[in-house]
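Me: I'd like to go through the labels on this one and check what each rests on. Can you take me through them?

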Amino acid sequence: MFIGDSLLAAAFISYIGAFSYMFRQSLWRDIWLEDIKAKGIPMSPNVDPLYTIVTEGDIAKWKNQKLPSDQVSYENVAILTSCTRWPLIIDPQKQGIEWLINKAEDEKYEMPKIQVPGTKNWNKEVVRCIRDGLTLMIENAGEEFAPSLDPVLAKRYIQIGKRFIMKFDDEDLDVNDNFRLYIQTKLSNPHYRPEITAQCTVINFIVTEKGLEDQMLAIVVDLENGELEARRESIVKAQNESKWRLQELEKELLKNLSEADPETILENQELVLSLENTKATATEIAKQQENSKKLEEEINMKRELYRRVAAEGSILFFLLMQLSFINRMYQYSLDSFYKFFRYAINRTKPCDEMEKRIIALRNKIRYKIYQWVRRGLFERHRQIFLTQITLRLMQKGVLTEPYRPKEVDFLLKAQPKTDGPKPPDWMQEKHWQLCVALSQLEGFESFATEVEKNGVRFKEWYNDLTPETTPLPSDWKRAPLFHMLLILRCMRRDRITMGPVSYTHLTLPTNREV
């Protein structure tokens, strides 16, 4: 390993955990990596800090402990298992804490869980874990911690001979080397004091859209074709166990080689037999993995048919998370979402054709999730949520209406053009300035000119009580539905809240049921 690899891995563990996947990639690939190269520090070609820290075998073991199979989860656990400061996990969907519980069960060690404050006599539980070398989990932490926890977080140890002493709760405690501490918060965007971020390694375990899509794909396939998903899980588990076994054999072999006497290494029958056994086992595992890989590819081809259903669920959940920006009380747990997601799949009518089944599943999921969410929304926020769904489905290519970013941007935050020609007598100046600005977009080049030429007909539409349901004048009546929204945005801003109602009603397949 080159010194540049170690430098990049150390920076990755120390600083990158709090950020999102895209920012992490930008930070270490575009900034850190380029800086290391510019300084001429030796490093491996195509270095990846994740695989500098851990191996494929480690990741395989974590996957068997039900860690989500996505890059961000691998990076998070690599940081969590390698950092020297106590991990502070931002985990609103409880992905991280569930993996830690599964890890404790798999490796058969005790992990008490407390809340500070909240758990009765929590300080006694902390003392027990420190003395006995247990792994302690502090759940649902807020933005501030109890002052008495400060020595634990800061690792204020005093060394006396071979012993480490820590003063906690007016008591001198012997610190067991096996003591571990994990802190979990459900807050999605916490603001911690600098002292806390210096004492802990902050790790962002918030689920990603791609990671959630993979998890939902497993749910859909399990409900639609349980036997197929069970076969896949069995194969993946066997592959992961093989990778871990091979890694352990390699470690054992390297240990035996390092401990062997160089002068008698060729006469060491035990070492020779160990080498032969390792080689034979490695060959057998390689054959098993090759066969398993072929089977997994065949199964994945069948599973991918349901990918669009999983993508629908993932899109909807991330739209729910954005509702908290409108009002902080709009909070939805992943467990509740999964409940309605499964309910919608189970309530979908059977179809003989796969394509019809996929469409029916998507429509049912969309409808049931909307029904569930709308009950808890204020009336003025329901149409916002429905419009968000429509725009996101347009962006993903689910709806026939094309998604044009400039047009969506204009709908949301249109800027008037103040240096254009004078408005017609019948139109307010601020509306005319928006019409001129709209003429800068592709497909609207002649719009402002036509409004002037066909002033009588446009004036009738302009003065209509419900222009969103009235056809536009001249050739504009054949314009796409979204273009009609943009014109409404320019000329009748007072009706723009009603325009999306008509648009979503005509665009969303399931909106007719709503």
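Reply: Sure, starting with rings: those of Phe, Tyr and Trp (its six-membered ring) pair if their centres lie within 6.5 Å, and planes under 30 degrees apart count as stacked, over 60 as edge-to-face and the rest as tilted. The structure holds 19 aromatic pairs. It's a predicted model, where local features need pLDDT of at least 70 and side-chain atom pairs pLDDT 80 or more, while totals for chains, interfaces and linings use all residues. Numbering runs from 1 along each chain as its sequence is written, and side-chain values use heavy atoms, leaving out hydrogens and water.

Me: What makes the pair of Phe-317 and Phe-337 edge-to-face?

Reply: Their centres are 5.3 Å apart and the planes meet at 70°, so the pair is edge-to-face.

Me: Why is Phe-317 called buried?

Reply: Buried means under 20% relative accessible area, exposed over 50%, partly exposed in between (1.4 Å probe, protein chains only). Phe-317 has 0%, so buried fits.

Me: How do you know that Asp-5 has no salt bridge?

Reply: A salt bridge needs a side-chain nitrogen of Lys or Arg within 4 Å of a carboxyl oxygen of Asp or Glu. For the buried Asp-5, the nearest side chain of opposite charge, Lys-37, is 10 Å away.

Me: Why is α16 described as largely enclosed?

Reply: Of its 17 residues, 12 are buried, so the rest of the structure largely encloses α16. Helices here are DSSP runs (H or I, at least four residues), numbered from the N terminus.

Terms used:
Helices (H or I, at least four residues) and strands (E, at least two) are DSSP runs, numbered from the N terminus. Lys and Arg count as positive and Asp and Glu as negative; His and the chain ends are not counted.
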